[in-house]
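Please look through the sequence and the model shown here before reading on. The paragraphs that follow go from the domains of one chain, by way of a single residue, to a sheet in another chain.

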Amino acid sequence: MDKYVKEKIKSRAAWAVAFILASVWFLATVLPFIYMVMNSFKGQFEMLKKGVFQLPDSWYPANYIDVLQKGISSYFIHSVIVLVISLAILLSITACASYPLSRMRFKLRNAVYALIVAGMSIPIHVTLIPIFKMSTKLGVYDSIWALIGPYVTFTIPISCYILTSFMATIPKEVEESAEIDGCNKFRNFFSIILPLSKSGLSTLAIYNGVSIWNEFSFANTLTQSKRAKTLPLAIQSFQGEYTMNIPVIMAVLVLTVLPMIALFIVLQDKLVKGLMAGAVKG
Amino acid sequence: MDNVSLLNSRQKSTRIAATVFLSPVILLMLIYIIYPIFSTFEISLNEWNGISANKVFVGLENWKTLVKDEVFWKAFLNNIILMVCSILLQMPLAVALATFLDAGGKKVNIYKVAWFLPLLMSSVAIGFLFSYALATTGGIVTTISQAFGGGKVDLLGRAPQALYAVIFVVAWQYTPFYMIYFLAGYSNISIDIYEATIIDGATRGQYFRHVALPLLRPVIYTACILSLIGSLKYFDLIYVMTGGGPGTATDLMATYMYKMSFKTFRMGYGSTVAAGMFVLVTGIALVIQRLLKVRDSVDG
Amino acid sequence: MRLTKVFSLLLAIVMVLALVAGCGEKVAPAADPKTPAKTEEPAPKKDDAAPVESTVTEDGKLKAPDKDMKIVLWDIATAEPAVTIQPAAVERFKAAYPNIEVDNTHIQNDTYKEKLVIAMSSGQCPDMYIHWTGGPMNEYIDSGFGVPITDLMENYCDVPFLEAALAQCTYKGDIYAVPYGGLSGSGVYYNKKIFTELGLSVPQTIGELEAACETLKSNGYIPFALANQSKWTGSMYFMYLATRFGGVDEFNKAVAGTGSFESEAFEFAGNKIQEWVRAGYFPEGVNSLSPDDGQDRQLMYTEEAAMMLHGTWQSGAMKGDNEEWYLDSIDYFAFPKLEGSTANQNIVVGTSVGNAFSFNTGDDEDLRRACFVLATQFYNDDTYNQMQIESGGLPSIEGMGDTLTDTTMQKVWADFSSATNVQLWYDQYLPPEVSEVHKSTSQEIFGLTKTPAEANKELQAALEKYLAK
């Protein structure tokens, strides 16, 4: 009894400490975001004169009106299309590739693995010129289709790497028992492995979704007109040769980030559902 | 005889399945990754300004320069520092955050969303806000230092503290990714295991040390490799926040390569830096991965 | 584990293949449609250019051809005011020549050079593109991406461009570019209210400037608002001090290889800067402050700092942020003279050409003419110049000073006109790889991490390495 009470107090105390630390980190992550939002409601002179970390004089949304008038919606639509298509392709082919890499033994496995690690190590700036050439030759330059290839490919290595190690943690017996029941590899994959990888896949969707959404270098290199530009390029309308309008840029960035927050809230729920999947398999 | 042919047909079906499953990924990587790697190595053997039609083939001349290039090796060292600090800062923090979220369940969802925010913010916004937050006059660190009777602290304008300052911001930005990743790792541990452990009378701390952590180990190793590679080819916030300065004190391999290739018309040498960087990163990643696997054979 | 082996094997194969491919390629240079061999193309001869068929001119004014064609034009007009002024010129051109299509792309300044390099290296160089003259222009032309326009300039250009501006567009004896972005100088913006309050007058000499700095400092003001994270901002102090000590020749000789960056003038500049840093004339953490984030202007706006040595485009920028405050508080003086120096003390550091267009038209004479007409008759026409002046610009054209109303701009113009010489921004003029070194060493001088002697030695070494090639 005594021991139980003691444990209880100890655990209460531990929780209290954990909550305090968690709240400190909460501030550290939320405050910069709040400052970004706050500055998006200021004028440039006001922001510089009063200081970046002060409340705006008024919350008049002039910057947002300015941004919307510049036609940010077309950037937005392009970003959404690129994101959805890229993610769909990425997740399906990554899932396929990770399956044999994590659960089969075959000769070239190590070579493919080395290729994936090499793919993670390549600095993207050296790929700009070759990929630019390729896009012009294929005739996709300056269209959103030029972006999908690189976006999928450059997120493959890290995704395969993560998903392979993820699938490797699924117990072998699950598959073996199915195989005895006469399932072949393809059936195994779709009916057993894929459902069990849900939480891994949603992690990938979140991470790659964010990096594709914010990707700048390829977008800047492979598109040039308004009919193809994506959101990260939208801030350029407010960056001149010598000056830039920082508060308006902040407004663009706030508008860029909102859909991602919404997506995260939806997907992180999937993470919890992944937890349920884990419960089933045990 | 029968056994052998059964084995053979099994191997054959494995081969077919592996080929089918892997081919789209391999095809894409050949086009978009292997071809650029090849062309980078090829350009590295030329003296070329990046735009002219005539490249001058110079053999391994650029490579000899690279081996003796102090700025490059300084940059490499900076990358190593970034790598070590990133792993040491981000991994424990991310495990702690994920553990908290896992233990707290739905109640602490608000924390999950908030803690994820840094990963969503663009480097432009981060660079801007932190250049004010870390400013010598009026910045956070200076304010704290002055509250304790210290002087002003110049974080971003001096080496080596500029590098460490950016390392902290990078950690701030990327920890959420590992947090989410570990959280997914937690979700893969079955609830039965947790319940069984608790029924056996273990405390949460014991569960974490003796059950969860060992089960998470492969995930943590993978995360370390990812962080390692990511740090060795890192570019963004250094370019935005210090531009490699003061002087070239905070240059990383990637920022150095970028300046060579696109700012100073030395594409040939820039490609050599890129190729050298590629060799180093891949090599280090494979060696470390091997070391980790020797210690831990969970990953098949 | 075989991973490492597999990787080293792959690497070896790649290297070998690359070596083989590299050797093979020497024989057959890549055939880009527009680029090759253009460098060797002799400039259209000046003497046979004068009498042209009557279809080319109308009342002695050059006309663009009437056949259907397309100009691919790259500029950096992404934001105000350029985005209003420059596309308007293109629209006027299109209205006058409906047969000519202009594919006008605006690229953000910070990423423009990278995009241009990528396009050029892939044989996709635009027909008409912006650059800043100096080292990069020479590089583009040497690589075959610009055609000479000396003949057209001499015979068919009614815009009286400043002598210095045309000189800046000239390379190896031929004109290769048309200026259009206006000139810019640099000087000291100061808060006149603070000066009045402390009874300070505009310093004429560097001695007086230092005295003013002392007064400002003892009254709690930061003398100079400088944000040196971008490196070129601090370089302005270095350039002015070196020029005041040794004139333009000192730099020219150093660049030509007959002088040296280790000479007295550059030593003086470095020492003076470090003296000022130690005396506290600059904000603390000067190398960490970023001009892109507005941290130099912030010090002016909060009135913590009293002076700011900067490019004259700052008038427009500050006016854009708050015109009322700008007119109320800010005035401008030329960088003071150095007592006892025999060098020319009226030199302005700046550029006669902000932006210029070069033409990558190859053998297509019609295209070259169309681009030239667009660049000289639509950019640089009265409407264009007027719009530029209204937004704080100063066209590189004679007589423009008379129409100025802004007092600061009048002073800049007067400086430029009376200046017997303009010292070009080092980072614009120097070959890019030397320029990078200059920016780095200048930043290290401000950080006190290198002595001026060490810094200048490094710069000289970089230059010698470049000249040796």
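**Domains, a helix end and a sheet**

In chain A, the centres of domain 1 and domain 2, taken over C-alpha atoms, are separated by 32 Å. The model is a predicted one, and the domain assignment of chain A places domain 1 at residues 2-39 and domain 2 at residues 63-281. The contact between them draws on 4 residues from domain 1 of chain A and 7 residues from domain 2 of chain A. The size of an interface is often given as the accessible area lost when the parts come together. For domain 1 and domain 2 of chain A, the area buried between them is about 440 Å², and 80% of it lies on carbon and sulfur atoms. On the side of domain 1 of chain A, 85% of the area buried against domain 2 is supplied by A:F33, A:M36 and A:N39, which is more than any other three residues supply.

Still in chain A, a single residue can be followed through its surroundings. A:N214 lies in helix α10 of chain A, which spans residues 198-214. Which residues does A:N214 contact, once its neighbours within four places in sequence are left aside? They are A:P232 and A:T256 in chain A, together with B:L119 and B:L120 in chain B. For A:P232, which is 18 residues apart from A:N214 along the chain, the C-alpha atoms of the two residues are separated by 5.8 Å. A:N214 has a relative accessible area of 24%, and because buried means under 20% and exposed means over 50%, A:N214 counts as partly exposed.

Chain C can be taken first as a whole and then through one of its sheets. Chain C contains 19 helices and 15 strands, and of its 469 residues, 61% count as buried. The accessible surface of chain C comes to about 17,900 Å², with 52% of that surface belonging to carbon and sulfur atoms. When contacts in chain C between residues at least 6 apart in sequence are considered, 80% of them join residues at least 24 apart.

Within chain C, 4 strands form an open sheet with mixed pairing, in the order β10-β11-β9-β12. The edge strands of this sheet are β10 (222-224) and β12 (330-333) of chain C, each of which pairs on one side only, and the twist from one strand to the next averages 25°. Going through the sheet from β10(C), this strand runs parallel to β11(C) and is joined to it by 2 bridges, with C:I222 having C:A305 of β11(C) as its bridge partner. Between β9(C) and β11(C) there are 5 bridges, and these two strands run antiparallel; here C:G187 stands opposite C:H310 of β11(C). Strand β11 of chain C covers residues 305-311, and 7 of its 7 residues are buried, so this strand is largely enclosed by the rest of the structure.

On the other side of the order, strand β9 (residues 186-191) of chain C is joined to β12(C) by 4 bridges, and the two strands run antiparallel. In this pair, C:V188 stands opposite C:F333 of β12(C). Helix α16 (residues 407-418) of chain C packs on the sheet, where it touches β9 and β12 of chain C, and the direction of helix α16 makes about 5° with that of β12(C).

Technical notes. Residues numbered from 1 in each chain as written. Chains lettered and ligands numbered in written order. Predicted model: local features only at pLDDT ≥ 70, side-chain atom pairs only at ≥ 80, totals over all residues. Heavy atoms only, no water. Buried < 20%, exposed > 50% of the residue type's maximum accessible area, 1.4 Å probe, protein only. Contact = heavy atoms within 4.5 Å. Areas by Shrake-Rupley, 256 points an atom, 1.4 Å probe, with all protein chains shown as cover. Pairing = 2+ DSSP bridges. Axes fitted to C-alpha atoms, helices over the stretch in contact; angles between N-to-C directions. Domains from an automatic or database assignment. Buried area = accessible area lost by both parts, 1.4 Å probe.
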